[in-house]
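Visitor: I am new to this structure and would like to learn how to read it, one feature at a time. Could you take me through it slowly?

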Amino acid sequence: MHRLFISDLHLSEETPEIEAAFKTLLENQDNLDSLVILGDFFEAWVGDDDDTDFVIRMRALLASCSERGCELMIARGNRDFMLGEQFARDTGATLLDDETVVEVGGEPTLLLHGDTLCTDDVHYQQFRRLVHDAAWQAEMMAKPLDERRTLARQLRATSIDAASNKAEDIMDVNQDAVRERLTEMGVRRMIHGHTHRPNRHAIGNAERIVLGDWTACHGWFLRERDEELSLECFDII
Ligand code: MN
């Protein structure tokens, strides 16, 4: 098995360097069996019917990856929480639930974006409940694309999730929440992104692996190969 885990690329029309780096990363892998994207692949997502050149390009890139036989899994983050089944069909990906257990390196492993572990951020958790509500999302999707784009811009400008992509502005996970999810899901390993604090943490006999965010300078991935896991940073420029 040769698999890459990535998250928090925060791709948009304004990140051509990161887009190019992602493309290069895919091209440079030999025999990649699986690519797992653990949320915030996109900086924003207004709906699977989005038809900007950027979105069309990214759909095609992911579709070409799965057409080459690479299994593609994608989770929603707090930025691209509106990613839906149509996007999954368009790209040949499997849309992951908020929490999914997958065997990684021979060990059942909990995959998640990571925002649900930041339980100290009460305001964000309230916001999350609202925007993950099916009725709220249906109401949003009933609006024309242009209006949704405007709303997304407004939401980013005013919401508690607004300001930046810096780690200092994102709360870290709550350790009790981490231990609870490991116990409840009956696993000894979790992999997540979101906090922009890439690291591997031992928690008793369990492990929490945190993926890193991508910037114009560097990117991060976790590589699984022959049951070995390595968290790696690479230069973009
Ligand atoms: Mn996030």
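Guide: Gladly, and please keep in mind that this is a predicted model. Let us begin with a pair of neighbouring strands, where one looks at the direction of each strand and at the bridges between them: S8 and S9 run antiparallel and are joined by five bridges. Within this pair, Ala-202 has Glu-207 in S9 as its bridge partner.

Visitor: How many residues lie between S8 and S9 in their hairpin?

Guide: Two residues separate S8 from S9 in the hairpin, and Gly-204, which sits in the turn, has a positive phi of about 60°.

Visitor: What is the order of the strands in the open sheet of five strands?

Guide: To read a sheet, one walks across it from one edge to the other. Here the order is S5-S6-S7-S9-S8, and the pairing is mixed. The edge strands are S5, residues 100-104, and S8, each of which pairs on one side only. From one strand to the next the twist averages 25°.

Visitor: Which strand is joined to S5, and what packs on the sheet?

Guide: S5 is joined by five bridges to S6, residues 107-111, and the two run antiparallel; across this pair, Glu-103 stands opposite Pro-108 in S6. Helix H7, residues 175-185, packs on the sheet and touches S5, S6, S7, S8 and S9, the last of these spanning 206-210, while the direction of H7 makes about 125° with that of S7.

Visitor: What is the strand order in the open sheet of six strands?

Guide: The walk across this sheet goes S4-S3-S2-S1-S10-S11, again with mixed pairing. At its edges are S4, residues 93-95, and S11, each pairing on one side only, and the twist averages 20° from one strand to the next.

Visitor: Do S1 and S2 run parallel or antiparallel?

Guide: S1, residues 2-6, runs parallel to S2, with four bridges joining them, and the bridge partner of Arg-3 is Ser-34 in S2. Helix H1 lies across S1, S2, S10 and S11, and runs at about 165° to S1.

Visitor: How many bridges are there between S10 and S11?

Guide: Strand S10, residues 218-225, and strand S11, residues 228-235, pair over eight bridges in the antiparallel sense, and Arg-223 finds its bridge partner, Ser-230, in S11. S10 and S11 also form a hairpin with two residues between them, and in the turn Asp-226 has a positive phi of about 50°.

Visitor: Which residues are the protein donors of the manganese ion?

Guide: For a metal site, one lists the donor atoms and then asks where their residues fall in the sequence. The protein donors of the manganese ion are Asp-40 through OD, Asn-78 through OD1, His-113 through NE2 and His-194 through ND1, at 2.0 to 2.3 Å from the ion. Their spacing in sequence is D-x37-N-x34-H-x80-H. Distant parts of the chain are linked in this way, since Asp-40 is in the loop between S2 (34-38) and H2 (53-67), and His-194, 154 residues away, is in the loop between S7 (189-192) and S8 (199-203).

Visitor: Are Asp-40 and His-194 buried or exposed?

Guide: Asp-40 and His-194 are both buried.

Visitor: Why does Thr-52 count as buried?

Guide: Burial is judged from relative accessibility, with the limit at under 20%, and Thr-52 counts as buried because its value is 17%. Thr-52 is found in the loop between S2 and H2, and, leaving aside neighbours within four places in sequence, it is in contact with Glu-13 and Arg-149.

Visitor: How much space lies in the largest pocket, and which helix gives the most to its lining?

Guide: The largest pocket holds about 600 Å³ of space. It is lined by 26 residues, of which Ser-12, Glu-13, Glu-43, Ala-44 and Arg-156 are the closest to its centre. Helices H1 (16-27), H2 and H6 (145-158) each supply at least two residues of this lining, and H6 gives the most, with four.

Visitor: How many cavities of 30 Å³ or more are there?

Guide: The count comes to two cavities of that volume or more. The second largest cavity has about 50 Å³ of space, and its lining includes His-113, Gly-114 and Asp-115; His-113 is also one of the protein donors of the manganese ion.

Key: Residues numbered from 1 in each chain as written. Predicted model: local features only at pLDDT ≥ 70, side-chain atom pairs only at ≥ 80, totals over all residues. Heavy atoms only, no water. Donors = N, O, S within 2.8 Å, 3.2 Å for Na, K, Ca; no water. Buried < 20%, exposed > 50% of the residue type's maximum accessible area, 1.4 Å probe, protein only. Pairing = 2+ DSSP bridges. Axes fitted to C-alpha atoms, helices over the stretch in contact; angles between N-to-C directions. Contact = heavy atoms within 4.5 Å. 1 Å grid on protein atoms, 1.4 Å probe; cavity = no way out; pocket = protein on both sides within 12 Å on 5 of 7 lines; lining within 4 Å. Points joined across faces, edges and corners; volume = space filled by probe spheres on them.
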